[in-house]
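Subject: Structure handover

Hello,

Please find the structure below. My notes on it come after.

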Number of protein chains: 2
Amino acid sequence: MSRRQMVRPGGRSARVQASVHTAVRELQTEVGRDALTVPLVAQRAGVTPSTIYRRWGDLKELLSDVAVERLRPDTAPKDHGDLSSDLAAWAEQFLDEMASPTGRGYIRDALLGDPDGSNAGQCSAYAVQQINVLLTRAADRGENTPDVETVVDRVVAPLMYRILFRPDGLDAEYARRLVKGVPARPTGR
Amino acid sequence: MSRRQMVRPGGRSARVQASVHTAVRELQTEVGRDALTVPLVAQRAGVTPSTIYRRWGDLKELLSDVAVERLRPDTAPKDHGDLSSDLAAWAEQFLDEMASPTGRGYIRDALLGDPDGSNAGQCSAYAVQQINVLLTRAADRGENTPDVETVVDRVVAPLMYRILFRPDGLDAEYARRLVKGVPARPTGR
DNA sequence: CTGTAGACGCAAGGATTTTGCTTTAAGGTG
DNA sequence: CACCTTAAAGCAAAATCCTTGCGTCTACAG
(Lines give C-alpha, C1' and ligand atoms only; values in the text may rest on other atoms or scores of the structure.)
Protein backbone atom coordinates (compact mmCIF):
# COMPACT_ATOMS: atom_id res chain seq x y z
CA MET A 1 0.00 0.00 0.00
CA SER A 2 1.12 3.52 -0.68
CA ARG A 3 1.94 5.99 1.98
CA ARG A 4 -1.44 7.59 1.62
CA GLN A 5 -3.52 4.57 2.49
CA MET A 6 -5.05 3.42 5.71
CA VAL A 7 -5.46 6.75 7.38
CA ARG A 8 -8.72 7.09 9.23
CA PRO A 9 -9.71 3.51 8.58
CA GLY A 10 -13.39 3.98 9.28
CA GLY A 11 -15.79 6.38 7.70
CA ARG A 12 -15.63 8.48 4.58
CA SER A 13 -11.99 7.89 3.79
CA ALA A 14 -12.53 4.17 3.71
CA ARG A 15 -15.64 4.50 1.61
CA VAL A 16 -13.81 6.62 -0.94
CA GLN A 17 -10.94 4.18 -1.14
CA ALA A 18 -13.31 1.28 -1.59
CA SER A 19 -15.35 2.94 -4.29
CA VAL A 20 -12.24 4.04 -6.16
CA HIS A 21 -10.77 0.55 -6.05
CA THR A 22 -14.05 -0.90 -7.22
CA ALA A 23 -14.24 1.60 -10.02
CA VAL A 24 -10.76 0.63 -11.18
CA ARG A 25 -11.58 -3.07 -11.20
CA GLU A 26 -14.85 -2.55 -13.04
CA LEU A 27 -13.35 -0.28 -15.64
CA GLN A 28 -10.40 -2.58 -16.16
CA THR A 29 -12.77 -5.26 -17.38
CA GLU A 30 -15.08 -2.89 -19.20
CA VAL A 31 -12.80 -0.60 -21.14
CA GLY A 32 -9.43 -2.27 -20.67
CA ARG A 33 -6.46 -1.22 -18.66
CA ASP A 34 -4.94 1.03 -21.31
CA ALA A 35 -8.07 3.16 -21.55
CA LEU A 36 -8.09 3.99 -17.85
CA THR A 37 -7.64 7.60 -16.87
CA VAL A 38 -7.91 9.34 -13.55
CA PRO A 39 -10.95 11.41 -14.55
CA LEU A 40 -12.70 8.30 -15.81
CA VAL A 41 -12.10 6.40 -12.60
CA ALA A 42 -13.14 9.41 -10.56
CA GLN A 43 -16.41 9.72 -12.40
CA ARG A 44 -17.26 6.06 -11.94
CA ALA A 45 -16.34 6.21 -8.28
CA GLY A 46 -18.43 9.30 -7.70
CA VAL A 47 -15.45 11.33 -6.63
CA THR A 48 -13.59 14.32 -8.00
CA PRO A 49 -10.30 13.75 -9.81
CA SER A 50 -8.42 15.90 -7.38
CA THR A 51 -9.27 13.47 -4.62
CA ILE A 52 -7.50 10.72 -6.48
CA TYR A 53 -4.53 12.89 -7.33
CA ARG A 54 -4.16 13.97 -3.76
CA ARG A 55 -4.44 10.52 -2.27
CA TRP A 56 -2.57 8.42 -4.79
CA GLY A 57 -0.44 10.90 -6.68
CA ASP A 58 -1.17 9.49 -10.08
CA LEU A 59 -2.75 6.62 -11.96
CA LYS A 60 0.32 4.37 -11.70
CA GLU A 61 0.25 4.37 -7.93
CA LEU A 62 -3.46 3.72 -7.80
CA LEU A 63 -3.13 0.81 -10.21
CA SER A 64 -0.25 -0.49 -8.14
CA ASP A 65 -2.39 -0.58 -5.02
CA VAL A 66 -5.22 -2.31 -6.82
CA ALA A 67 -2.82 -4.81 -8.39
CA VAL A 68 -1.39 -5.83 -5.03
CA GLU A 69 -4.87 -6.44 -3.73
CA ARG A 70 -5.62 -8.72 -6.64
CA LEU A 71 -2.37 -10.60 -6.25
CA ARG A 72 -3.16 -11.56 -2.69
CA PRO A 73 -3.76 -15.30 -2.56
CA ASP A 74 -7.32 -15.94 -1.46
CA THR A 75 -6.94 -19.56 -0.45
CA ALA A 76 -4.44 -21.77 1.35
CA PRO A 77 -2.60 -24.19 -0.94
CA LYS A 78 -4.06 -27.69 -1.08
CA ASP A 79 -2.47 -30.63 0.69
CA HIS A 80 -1.12 -33.33 -1.64
CA GLY A 81 0.48 -35.53 0.96
CA ASP A 82 4.15 -34.66 0.58
CA LEU A 83 6.26 -31.58 0.15
CA SER A 84 7.43 -32.07 -3.40
CA SER A 85 3.89 -32.66 -4.65
CA ASP A 86 2.72 -29.62 -2.71
CA LEU A 87 5.47 -27.46 -4.14
CA ALA A 88 4.92 -28.70 -7.67
CA ALA A 89 1.20 -28.01 -7.50
CA TRP A 90 1.75 -24.63 -5.98
CA ALA A 91 4.36 -23.66 -8.56
CA GLU A 92 2.10 -24.73 -11.41
CA GLN A 93 -0.76 -22.70 -10.09
CA PHE A 94 1.48 -19.74 -9.43
CA LEU A 95 2.75 -19.87 -12.98
CA ASP A 96 -0.75 -20.19 -14.33
CA GLU A 97 -2.00 -17.13 -12.53
CA MET A 98 1.05 -14.97 -12.98
CA ALA A 99 1.99 -15.75 -16.56
CA SER A 100 -1.43 -14.95 -17.99
CA PRO A 101 -1.74 -11.56 -19.66
CA THR A 102 -3.88 -10.46 -16.75
CA GLY A 103 -1.43 -11.69 -14.16
CA ARG A 104 1.52 -10.14 -15.93
CA GLY A 105 -0.38 -6.88 -16.07
CA TYR A 106 -0.95 -6.89 -12.35
CA ILE A 107 2.67 -7.70 -11.61
CA ARG A 108 3.86 -4.91 -13.83
CA ASP A 109 1.40 -2.47 -12.31
CA ALA A 110 2.43 -3.50 -8.83
CA LEU A 111 6.11 -2.90 -9.65
CA LEU A 112 5.58 0.24 -11.61
CA GLY A 113 3.75 2.63 -9.39
CA ASP A 114 5.70 1.82 -6.33
CA PRO A 115 7.98 4.62 -5.21
CA ASP A 116 9.18 2.97 -2.01
CA GLY A 117 9.03 -0.66 -3.07
CA SER A 118 6.51 -1.66 -0.46
CA ASN A 119 3.99 -3.00 -2.95
CA ALA A 120 6.57 -5.18 -4.65
CA GLY A 121 7.69 -6.37 -1.24
CA GLN A 122 4.13 -7.30 -0.44
CA CYS A 123 3.91 -9.48 -3.54
CA SER A 124 6.98 -11.33 -2.47
CA ALA A 125 5.62 -11.64 1.04
CA TYR A 126 2.49 -13.33 -0.30
CA ALA A 127 4.56 -16.00 -2.01
CA VAL A 128 6.74 -16.48 1.06
CA GLN A 129 3.67 -16.88 3.20
CA GLN A 130 2.16 -19.52 0.96
CA ILE A 131 5.43 -21.42 0.79
CA ASN A 132 5.76 -21.29 4.54
CA VAL A 133 2.41 -23.00 4.84
CA LEU A 134 3.74 -25.84 2.72
CA LEU A 135 7.00 -26.03 4.63
CA THR A 136 5.52 -26.09 8.11
CA ARG A 137 3.00 -28.64 6.95
CA ALA A 138 5.85 -30.82 5.71
CA ALA A 139 7.80 -30.31 8.92
CA ASP A 140 4.74 -31.42 10.88
CA ARG A 141 4.76 -34.60 8.83
CA GLY A 142 8.36 -35.13 9.83
CA GLU A 143 9.81 -34.37 6.40
CA ASN A 144 13.12 -32.64 5.93
CA THR A 145 12.48 -29.20 4.50
CA PRO A 146 14.57 -26.57 2.77
CA ASP A 147 14.26 -23.03 4.05
CA VAL A 148 11.95 -20.53 2.43
CA GLU A 149 14.69 -18.42 0.94
CA THR A 150 15.98 -21.40 -0.96
CA VAL A 151 12.56 -22.06 -2.42
CA VAL A 152 12.30 -18.41 -3.37
CA ASP A 153 15.65 -18.53 -5.14
CA ARG A 154 15.06 -21.82 -6.88
CA VAL A 155 11.38 -21.61 -7.81
CA VAL A 156 9.76 -18.22 -7.36
CA ALA A 157 12.60 -16.13 -8.73
CA PRO A 158 13.08 -18.09 -11.98
CA LEU A 159 9.35 -18.08 -12.62
CA MET A 160 9.06 -14.37 -12.03
CA TYR A 161 12.16 -13.55 -14.00
CA ARG A 162 10.90 -15.39 -17.02
CA ILE A 163 7.39 -14.02 -16.71
CA LEU A 164 8.73 -10.49 -16.70
CA PHE A 165 11.67 -10.74 -19.07
CA ARG A 166 10.96 -13.67 -21.37
CA PRO A 167 7.30 -14.58 -21.34
CA ASP A 168 7.70 -17.23 -24.04
CA GLY A 169 8.08 -20.93 -23.58
CA LEU A 170 6.78 -21.18 -20.05
CA ASP A 171 4.83 -24.27 -19.12
CA ALA A 172 3.94 -26.50 -16.22
CA GLU A 173 6.81 -28.83 -17.07
CA TYR A 174 9.27 -26.02 -16.48
CA ALA A 175 7.70 -25.28 -13.11
CA ARG A 176 8.00 -28.93 -12.12
CA ARG A 177 11.63 -29.02 -13.18
CA LEU A 178 12.37 -26.04 -10.98
CA VAL A 179 10.78 -27.76 -8.02
CA LYS A 180 12.96 -30.80 -8.60
CA GLY A 181 15.98 -28.55 -8.26
CA VAL A 182 15.09 -27.62 -4.69
CA PRO A 183 17.36 -29.41 -2.22
CA ALA A 184 15.55 -31.55 0.35
CA ARG A 185 17.27 -30.00 3.35
CA PRO A 186 18.14 -26.52 4.49
CA THR A 187 21.23 -25.25 2.74
CA GLY A 188 24.11 -24.10 4.88
CA ARG A 189 24.22 -20.34 4.80
CA MET B 1 13.69 -0.94 -29.33
CA SER B 2 10.19 0.18 -30.06
CA ARG B 3 8.43 -0.30 -33.31
CA ARG B 4 9.20 3.24 -34.29
CA GLN B 5 12.96 3.05 -34.09
CA MET B 6 15.55 2.50 -36.72
CA VAL B 7 13.60 3.72 -39.66
CA ARG B 8 15.76 5.55 -42.14
CA PRO B 9 18.94 4.94 -40.22
CA GLY B 10 20.89 7.76 -41.79
CA GLY B 11 20.11 11.43 -41.90
CA ARG B 12 17.69 13.56 -40.03
CA SER B 13 15.80 10.76 -38.37
CA ALA B 14 18.95 9.44 -36.79
CA ARG B 15 20.03 12.89 -35.68
CA VAL B 16 16.70 13.47 -33.97
CA GLN B 17 16.80 10.15 -32.21
CA ALA B 18 20.33 10.79 -31.00
CA SER B 19 19.61 14.25 -29.71
CA VAL B 20 16.46 13.09 -27.94
CA HIS B 21 18.29 10.23 -26.25
CA THR B 22 21.07 12.57 -25.21
CA ALA B 23 18.56 15.05 -23.86
CA VAL B 24 16.97 12.33 -21.75
CA ARG B 25 20.28 11.23 -20.29
CA GLU B 26 21.38 14.76 -19.52
CA LEU B 27 18.11 15.72 -17.91
CA GLN B 28 18.00 12.54 -15.88
CA THR B 29 21.15 13.61 -14.09
CA GLU B 30 20.24 17.28 -13.97
CA VAL B 31 16.65 17.36 -12.79
CA GLY B 32 16.08 13.74 -11.86
CA ARG B 33 14.00 11.11 -13.50
CA ASP B 34 10.73 12.05 -11.85
CA ALA B 35 10.86 15.58 -13.17
CA LEU B 36 11.18 14.52 -16.79
CA THR B 37 8.39 15.49 -19.13
CA VAL B 38 8.06 15.17 -22.85
CA PRO B 39 8.00 18.94 -23.45
CA LEU B 40 11.12 19.34 -21.33
CA VAL B 41 13.02 16.69 -23.22
CA ALA B 42 11.82 18.11 -26.51
CA GLN B 43 13.05 21.56 -25.65
CA ARG B 44 16.47 20.32 -24.64
CA ALA B 45 16.72 18.20 -27.75
CA GLY B 46 15.74 21.09 -29.99
CA VAL B 47 12.68 19.28 -31.25
CA THR B 48 8.95 19.80 -30.96
CA PRO B 49 7.00 17.64 -28.52
CA SER B 50 4.84 16.22 -31.25
CA THR B 51 7.88 14.63 -32.81
CA ILE B 52 8.48 12.66 -29.65
CA TYR B 53 4.86 11.71 -29.28
CA ARG B 54 4.71 10.51 -32.86
CA ARG B 55 7.86 8.47 -32.67
CA TRP B 56 7.71 7.03 -29.19
CA GLY B 57 4.09 7.30 -28.20
CA ASP B 58 4.74 8.59 -24.70
CA LEU B 59 7.41 9.22 -22.11
CA LYS B 60 7.37 5.67 -20.77
CA GLU B 61 8.35 4.19 -24.09
CA LEU B 62 11.08 6.72 -24.65
CA LEU B 63 12.53 6.09 -21.20
CA SER B 64 12.32 2.38 -21.87
CA ASP B 65 14.42 2.73 -25.01
CA VAL B 66 16.98 4.85 -23.24
CA ALA B 67 17.11 2.45 -20.33
CA VAL B 68 17.82 -0.54 -22.55
CA GLU B 69 20.67 1.36 -24.16
CA ARG B 70 22.18 2.06 -20.79
CA LEU B 71 21.80 -1.51 -19.65
CA ARG B 72 23.80 -2.82 -22.57
CA PRO B 73 27.12 -4.15 -21.27
CA ASP B 74 29.93 -2.11 -22.74
CA THR B 75 32.76 -4.47 -22.04
CA ALA B 76 33.42 -8.20 -22.18
CA PRO B 77 33.72 -9.83 -18.74
CA LYS B 78 37.25 -10.23 -17.48
CA ASP B 79 39.04 -13.57 -17.44
CA HIS B 80 39.83 -14.93 -13.96
CA GLY B 81 41.19 -18.28 -14.99
CA ASP B 82 38.30 -20.59 -14.19
CA LEU B 83 34.57 -20.62 -14.64
CA SER B 84 33.48 -20.29 -11.07
CA SER B 85 35.71 -17.27 -10.50
CA ASP B 86 34.47 -15.75 -13.73
CA LEU B 87 30.86 -16.31 -12.76
CA ALA B 88 31.36 -14.99 -9.26
CA ALA B 89 33.03 -11.83 -10.52
CA TRP B 90 30.39 -11.32 -13.16
CA ALA B 91 27.54 -11.85 -10.70
CA GLU B 92 29.05 -9.40 -8.26
CA GLN B 93 29.42 -6.77 -10.90
CA PHE B 94 25.94 -7.42 -12.21
CA LEU B 95 24.52 -7.00 -8.74
CA ASP B 96 26.52 -3.84 -8.21
CA GLU B 97 25.24 -2.20 -11.33
CA MET B 98 21.67 -3.40 -11.16
CA ALA B 99 20.95 -3.02 -7.48
CA SER B 100 21.94 0.63 -7.30
CA PRO B 101 19.07 3.10 -7.33
CA THR B 102 20.13 4.10 -10.82
CA GLY B 103 20.26 0.54 -12.05
CA ARG B 104 16.92 -0.32 -10.51
CA GLY B 105 15.45 2.73 -12.17
CA TYR B 106 16.68 1.63 -15.56
CA ILE B 107 15.34 -1.86 -15.11
CA ARG B 108 11.97 -0.55 -14.08
CA ASP B 109 11.89 1.86 -16.98
CA ALA B 110 12.85 -0.88 -19.38
CA LEU B 111 10.03 -3.07 -18.12
CA LEU B 112 7.55 -0.27 -17.92
CA GLY B 113 7.22 1.24 -21.33
CA ASP B 114 7.39 -1.97 -23.19
CA PRO B 115 4.14 -2.89 -24.89
CA ASP B 116 5.44 -5.94 -26.70
CA GLY B 117 8.07 -7.07 -24.22
CA SER B 118 10.96 -6.67 -26.61
CA ASN B 119 12.90 -4.29 -24.40
CA ALA B 120 12.68 -6.60 -21.41
CA GLY B 121 13.72 -9.47 -23.66
CA GLN B 122 16.72 -7.45 -24.75
CA CYS B 123 17.83 -7.00 -21.15
CA SER B 124 17.74 -10.71 -20.62
CA ALA B 125 19.56 -11.25 -23.90
CA TYR B 126 22.40 -9.03 -22.71
CA ALA B 127 22.89 -11.19 -19.63
CA VAL B 128 22.69 -14.38 -21.66
CA GLN B 129 25.27 -13.05 -24.06
CA GLN B 130 27.73 -12.16 -21.30
CA ILE B 131 27.27 -15.52 -19.63
CA ASN B 132 27.81 -17.27 -22.91
CA VAL B 133 31.17 -15.58 -23.21
CA LEU B 134 32.14 -17.07 -19.86
CA LEU B 135 30.81 -20.50 -20.74
CA THR B 136 32.53 -20.82 -24.10
CA ARG B 137 35.72 -19.53 -22.58
CA ALA B 138 35.46 -22.25 -19.94
CA ALA B 139 34.66 -24.87 -22.54
CA ASP B 140 37.75 -23.82 -24.48
CA ARG B 141 39.76 -24.45 -21.36
CA GLY B 142 38.32 -27.93 -21.21
CA GLU B 143 36.10 -27.27 -18.20
CA ASN B 144 32.71 -28.87 -17.80
CA THR B 145 30.08 -26.20 -18.11
CA PRO B 146 26.42 -25.89 -17.23
CA ASP B 147 24.12 -24.56 -19.90
CA VAL B 148 23.13 -20.91 -20.03
CA GLU B 149 19.57 -21.45 -18.98
CA THR B 150 20.72 -23.06 -15.77
CA VAL B 151 22.90 -20.08 -14.97
CA VAL B 152 19.99 -17.80 -15.71
CA ASP B 153 17.73 -19.74 -13.36
CA ARG B 154 20.29 -20.09 -10.58
CA VAL B 155 22.03 -16.72 -10.67
CA VAL B 156 20.42 -14.06 -12.83
CA ALA B 157 16.83 -14.75 -11.86
CA PRO B 158 17.37 -14.69 -8.09
CA LEU B 159 19.41 -11.50 -8.36
CA MET B 160 16.79 -9.79 -10.48
CA TYR B 161 13.91 -11.04 -8.38
CA ARG B 162 15.42 -9.66 -5.23
CA ILE B 163 16.45 -6.41 -6.85
CA LEU B 164 12.91 -5.82 -8.03
CA PHE B 165 10.87 -7.26 -5.18
CA ARG B 166 13.07 -7.11 -2.09
CA PRO B 167 15.89 -4.66 -2.57
CA ASP B 168 17.13 -5.05 1.00
CA GLY B 169 19.90 -7.25 2.21
CA LEU B 170 21.65 -7.81 -1.07
CA ASP B 171 25.40 -8.11 -1.03
CA ALA B 172 28.31 -9.68 -2.85
CA GLU B 173 28.28 -12.63 -0.50
CA TYR B 174 24.78 -13.50 -1.65
CA ALA B 175 25.86 -13.33 -5.29
CA ARG B 176 28.77 -15.67 -4.58
CA ARG B 177 26.51 -18.12 -2.81
CA LEU B 178 24.23 -18.23 -5.81
CA VAL B 179 27.15 -19.00 -8.07
CA LYS B 180 28.16 -21.88 -5.80
CA GLY B 181 24.71 -23.34 -6.38
CA VAL B 182 25.28 -23.70 -10.10
CA PRO B 183 25.92 -27.33 -11.02
CA ALA B 184 29.22 -27.98 -12.79
CA ARG B 185 27.67 -29.87 -15.70
CA PRO B 186 24.69 -29.38 -17.99
CA THR B 187 21.49 -30.47 -16.31
CA GLY B 188 19.40 -33.05 -18.06
CA ARG B 189 16.38 -31.35 -19.57
C1' DC C 1 17.33 15.63 -61.71
C1' DT C 2 12.90 14.71 -60.31
C1' DG C 3 9.37 12.25 -57.80
C1' DT C 4 7.71 10.16 -53.58
C1' DA C 5 6.94 9.24 -49.07
C1' DG C 6 8.31 9.31 -44.39
C1' DA C 7 9.42 12.41 -40.73
C1' DC C 8 9.35 16.96 -38.72
C1' DG C 9 7.50 21.72 -37.39
C1' DC C 10 3.70 24.50 -36.20
C1' DA C 11 -0.47 25.63 -34.13
C1' DA C 12 -5.11 24.85 -32.50
C1' DG C 13 -8.10 22.10 -29.75
C1' DG C 14 -9.05 18.93 -26.17
C1' DA C 15 -7.87 16.40 -22.10
C1' DT C 16 -5.44 15.90 -17.99
C1' DT C 17 -2.98 17.52 -13.88
C1' DT C 18 -2.13 20.88 -10.36
C1' DT C 19 -3.48 24.10 -6.86
C1' DG C 20 -5.81 27.53 -3.70
C1' DC C 21 -9.78 27.85 -1.20
C1' DT C 22 -14.02 26.18 0.90
C1' DT C 23 -16.73 22.62 2.98
C1' DT C 24 -17.51 18.19 5.16
C1' DA C 25 -17.08 14.81 8.60
C1' DA C 26 -14.14 11.70 11.74
C1' DG C 27 -12.25 11.47 16.22
C1' DG C 28 -11.05 13.57 20.44
C1' DT C 29 -12.22 16.61 24.64
C1' DG C 30 -14.62 18.87 28.32
C1' DC D 1 -23.87 15.64 24.14
C1' DA D 2 -21.85 19.83 22.25
C1' DC D 3 -17.64 21.66 20.68
C1' DC D 4 -13.03 21.78 18.69
C1' DT D 5 -9.45 20.26 15.66
C1' DT D 6 -7.86 18.55 11.63
C1' DA D 7 -7.47 15.26 7.81
C1' DA D 8 -9.66 14.58 3.67
C1' DA D 9 -13.04 15.79 -0.04
C1' DG D 10 -15.32 19.09 -3.22
C1' DC D 11 -15.02 22.82 -6.40
C1' DA D 12 -13.20 25.64 -9.91
C1' DA D 13 -9.55 28.10 -12.23
C1' DA D 14 -5.06 27.84 -14.17
C1' DA D 15 -1.26 25.48 -15.91
C1' DT D 16 0.53 21.83 -18.29
C1' DC D 17 0.38 18.17 -21.29
C1' DC D 18 -1.33 15.31 -25.21
C1' DT D 19 -3.50 14.90 -29.77
C1' DT D 20 -4.21 16.01 -34.47
C1' DG D 21 -4.53 18.22 -39.08
C1' DC D 22 -1.86 20.37 -42.39
C1' DG D 23 2.10 22.29 -44.67
C1' DT D 24 7.14 21.74 -45.30
C1' DC D 25 11.47 19.52 -45.56
C1' DT D 26 14.71 15.90 -46.63
C1' DA D 27 16.31 11.20 -47.39
C1' DC D 28 16.15 7.82 -50.74
C1' DA D 29 14.78 5.75 -55.33
C1' DG D 30 14.38 5.80 -60.13
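The notes run from conventions to the pair of chains, then chain A, then one residue.

This is a predicted model, in which local features need pLDDT of at least 70 and side-chain atom pairs count only at pLDDT 80 or more, while totals for chains, interfaces and linings use all residues. Residues are numbered from 1 along each chain as its sequence is written, chains are lettered from A and ligands numbered from 1 in the order in which they are written, and side-chain values use heavy atoms, with hydrogens and water left out.

The pair of chains

A turn of 179° with a shift of 0.1 Å along the axis lays chain A on chain B, at an RMSD of 0.1 Å; the superposition is by least squares on the C-alpha atoms of residues with pLDDT of at least 70 in both copies. This is how a two-fold axis relates its copies. Within chain A, Ala157(A) has the C-alpha nearest the axis, at 2.7 Å. The copies meet through the same surface, because 100% of the interface residues of chain A are also interface residues in chain B.

Chain A

Chain A has nine helices and zero strands, where helices (H or I, at least four residues) and strands (E, at least two) are DSSP runs numbered from the N terminus. An automatic or database assignment sets the domain bounds: domain 1 covers 12–57 and domain 2 covers 71–180. The centres of these two domains of chain A, taken over C-alpha atoms, are 30 Å apart.

Along its principal axes, the C-alpha atoms of chain A fill a box of roughly 55 × 35 × 30 Å. Chain A has 189 residues, and 47% of them count as buried, meaning under 20% relative accessible area with a 1.4 Å probe, protein chains only. Among contacts (heavy atoms within 4.5 Å) in chain A with a separation of 6 or more, 70% are between residues 24 or more positions apart.

Val155(B)

Where in chain B does Val155(B) sit? Val155(B) belongs to helix 8, residues 148–165. Its relative accessibility is 2%, so Val155(B) counts as buried. Leaving aside residues up to four places away in sequence, Val155(B) touches Ala91(B), Leu178(B), Val179(B) and Val182(B). One of these, Val179(B), is 24 residues from Val155(B) in sequence, with 6.2 Å between their C-alpha atoms.

Regards

How values were computed: Buried < 20%, exposed > 50% of the residue type's maximum accessible area, 1.4 Å probe, protein only.
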